[in-house]
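Hi,

Here is the structure I promised to pass on to you. Have a look at it first, and then read my notes underneath.

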Amino acid sequence: MDQLKLKLQEYYQRYQQMDQRVKPGKEEPGFEDVLDMENDILSQFGLPTSRRFVQILHDFVHHGHVSDQLLDFVSKKLRTAARKYLLAPVMSDIDLLEGAREQKRSPYDVLPELGYPVHEYALFLLGELFYRRNMAATDIVDELKKMQHFDSWGDLMLLSKIHNHTTHELYAKLKKHELRFIDEFIQFTRRQEPSRLVNKRATPLEEGYTPNYKTITKVQVEDIIFDEQTSPSLFGKIKSGRGYARITISLEFSELNQILMSSDELGVEISNHIKKRLANPAAEKPTVIDIRAEFGDVLKLDNCYLEVYKPQHREGSKWVEDKDNFYFVDKILSKKEFEKRTKEAEVKRKIQECLELIGGSYVYYQRLRRLGITDEEAKLRAGLQDELLFKLSFFLNKVKE
């Protein structure tokens, strides 16, 4: 038996032993050894430890017993995967990232192929900043390179556990390396903890900042991504000038359902599809719904208006709004509610204009009196001959002083 078959057989046995010894809630004994063996076997074929290649090994260990035929089959499968991977056109890191976003590939596959560890910060850079917030690929690659060059992975995870992290010496050390997204990552991980417990994100009030709200509609939703631990996100486009801009919107499941149920037959169909995915424990996580591919067209949100805001992060003592086209939903308004609100705002604006005109009339009245015109004549010319109107004008003018 050759060396590869011996390694595969040992890997099978180690994995089975680990599987039998592990208890719920306990750390898996021998887990690190198994990971090392996976890396060793795949590296023999020139393959990274990305999920799609590790899955070949996981499929192998779930067979009832090992045979020469099974070992030959797994070896052939690994060689075929290696040939396809190694003979693929050479791509730059930027092109690989752009392609991964387009193909909706898991960060667990992409990071090993880029040569970076599947670390929480690396997952945040790809999954949150690049996929969800549409940050430029060059920014992500630069940050990954700095983290790798200075080997800052462990330092950052330690820093993320410290309460007042900005005062710690590790913070100053990492900032010297010009790492750009440390504060955002730490705030993101802290937001996720309570979210996992109550399935609800922290509000701006709870975090300590005042958001800048805007109302959007007619969003063309292309993808919906969700899992049990994080809020769902809508990926799509919105009209911007003569063209369209990419946008990502994060919201709660209840809000997602409200939007879908207001979006005619397609929305109801997507809502039912999501319920089936959530009820299926074997469904891939996170769940990605490519709406055009699965339903034949994008979802157009024409019947509702979303009041949204960009999240903010702290830089020193200031709260700074994120630059990416990423928003949280604050309120969902029906077309009728939005039109009512718009009319109310217009009426309030008109009333304010009238009050300013009335207040300005008192200034004109005073000017006429200084010119020696009688009180009665001055009131008449200023349009303030009504005593109640005159008093209102007087007090409005007082408020301005």
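Below is what I found, going from the overall layout down to single residues.

Before anything else, keep in mind that this is a predicted model.

**The overall layout**

The chain is split into three parts: domain 1 covers 3-197, domain 2 covers 213-333 and domain 3 covers 339-399. If you take the centres of domain 1 and domain 3 over their C-alpha atoms, they sit 70 Å apart.

**Strand E2 and its partners**

Start with strand E2, which runs over residues 219-226. Seven of its eight residues are buried, so the rest of the structure largely encloses this strand.

Which strands pair with E2? One is E6 (residues 299-301), joined to E2 by three bridges and running antiparallel to it. Here Val219 has Leu301 in E6 as its bridge partner. Another is E3 (residues 233-240), which pairs with E2 in the antiparallel sense over five bridges. To find that pairing on your screen, look for Asp223, whose bridge partner in E3 is Phe235. E5 also pairs with E2, again antiparallel, over four bridges. In that case Ile225 stands opposite Val288 in E5.

E5 is a nice one to colour by face. Thr287 and Ile289 make up its covered face, while Val288 and Asp290 are on the uncovered one.

**Salt bridges**

The structure has 23 salt bridges, and I picked out a few to look at.

Asp290, which you just met in E5, forms a salt bridge with Lys104, with 3.3 Å between the closest N and O atoms. This pair links distant parts of the chain: Asp290 belongs to strand E5 (residues 287-290), Lys104 is in the loop between helix H5 (93-103) and H6, and the two are 186 residues apart. Asp290 is partly exposed at 22% relative accessibility, and Lys104 is partly exposed as well, with a relative accessible area of 30%.

Next comes Glu113, which forms a salt bridge with Arg52, the closest N and O atoms being 2.8 Å apart. Glu113 is in helix H6 (residues 107-114) and Arg52 is in helix H3 (residues 51-61), so this salt bridge ties together parts that lie 61 residues apart in sequence. Are these two residues buried or exposed? Glu113 counts as buried, at 13% relative accessibility, whereas Arg52 has 40% and counts as partly exposed.

Asp375 and Arg369 also meet through their side chains in a salt bridge, at 3.9 Å from N to O. Asp375 is partly exposed, with a relative accessible area of 29%, and Arg369 is partly exposed at 38%. Elsewhere, salt bridges with shared partners join Glu128, Arg132, Arg133, Glu184 and Asp322 into one network.

**Two helices to look at**

Helix H13 covers residues 253-261, and its buried residues are Glu255, Leu256, Ile259 and Leu260. When you look down the axis of H13, these buried residues fall within an arc of 135°, so they line one face of the helix. It helps to remember that an α-helix has 3.6 residues a turn, so residues three or four places apart point the same way.

The other one is helix H14 (residues 264-279), where you'll find Leu278. At 40% relative accessibility, Leu278 counts as partly exposed. What does Leu278 touch, once its neighbours within four places in sequence are left aside? The contacts are Phe226 and Phe253. Lys176, on the other hand, is a long stretch of chain away: Leu278 and Lys176 are 102 residues apart, with 44 Å between their C-alpha atoms.

**Cysteines**

How many disulfides does the structure hold? There are zero. Two cysteines you can still compare are Cys304, which is buried at 2% relative accessibility, and Cys354, which is partly exposed with a relative accessible area of 44%.

That's everything from me. I'd begin with E2 and its partner strands, then click through the salt bridges.

Cheers

Terms used
Residues numbered from 1 in each chain as written. Predicted model: local features only at pLDDT ≥ 70, side-chain atom pairs only at ≥ 80, totals over all residues. Heavy atoms only, no water. Disulfide = S-S within 2.5 Å. Buried < 20%, exposed > 50% of the residue type's maximum accessible area, 1.4 Å probe, protein only. Contact = heavy atoms within 4.5 Å. Domains from an automatic or database assignment. Salt bridge = Lys/Arg side-chain N within 4 Å of Asp/Glu carboxyl O. Arc of directions from axis to C-beta. Pairing = 2+ DSSP bridges.
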